[in-house]
Amino acid sequence: MTDHGYEILSLDDLDRVPYRGSGEVLRPLRKRLGFRPFGVNVWTADAAGDKLIPPHEEDSGHEELYVVVRGTARFTVADETFDAPAGTLVHVKSGTFRVATAAEPATSILVAGGKEGEAFAPGGWEDVHVAFALLEAGNAAAGRAIMQEAATPDEYLWGKHYNLACYEAMAGETEAAFEELRAAIELNRDEVLKWLPHDTDLDPLRGDPRFEELAP
């Protein structure tokens, strides 16, 4: 409930946003609360072995705190693999490899993060998760609107256009996909070209001469 400047809710009150058949489910806490001091969300896996935290190193400069709130997660951080039951806190700094899967069913992790010395600004990735879930559910228009309206810091604006290109490609809107892809390349060609060769979302565009012109 919300009253007098505070809110009380349960993890089960949060929306479930499945991500593209991976078993990984976003529970968008930050957006639910309108919380802006730092990034905070919940990830859930229904079955043992399902992904909770994708493999990454947070090259954005953000450090993260992972709190296992239900079940047991199996982490690999740097070169160490360990099981983390409910109540475990795992602090990982930027540039350090991390990945986590569920070691038992119904495992949930709360993740909080930010960049030291900088005011937090949402990057829009939560909107991407929600939008693609809507696309898979058959509501392409609603997903597109979420992505288009998402607030994005100027330094990540190229990423917004790139993600929209992926979305439009998967939605079968080829002309719109190329328009967004051109905008992304104009803003940050080097970053876009890191993703183009292996991004399967853009497979519907491959073979089109326009794609070859953009990514020689």
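## A walk along the domain interface

Start by selecting E126 and R30: their side chains form a salt bridge, with N to O at 2.9 Å (that is, a side-chain nitrogen of Lys or Arg within 4 Å of a carboxyl oxygen of Asp or Glu). You're looking at a predicted model, where local features need pLDDT of at least 70, side-chain atom pairs count only at pLDDT 80 or more, and totals for chains, interfaces and linings use all residues. Numbering runs from 1 along each chain as its sequence is written, and side-chain values use heavy atoms, leaving out hydrogens and water.

Now colour 11-114 as domain 1 and 125-214 as domain 2; these bounds come from an automatic or database domain assignment. Their C-alpha centres sit 25 Å apart.

Next, select the contact residues. Domain 1 puts 10 residues in contact with 11 of domain 2 (contact: heavy atoms within 4.5 Å). Together the two domains bury about 1000 Å², 57% of it from carbon and sulfur atoms (accessible area, 1.4 Å probe, that two parts lose on being put together, summed over both). Show Y19, R20 and K31 as sticks: this trio supplies 50% of the area domain 1 buries against domain 2, more than any other three residues.

Back to the polar side of things. Between the domains there are 2 salt bridges. To find the domain 1 elements that give two or more residues to this side, pick β3 (17-18), α1 (29-33) and β5 (39-45) (DSSP runs numbered from the N terminus: helices H or I of at least four residues, strands E of at least two).
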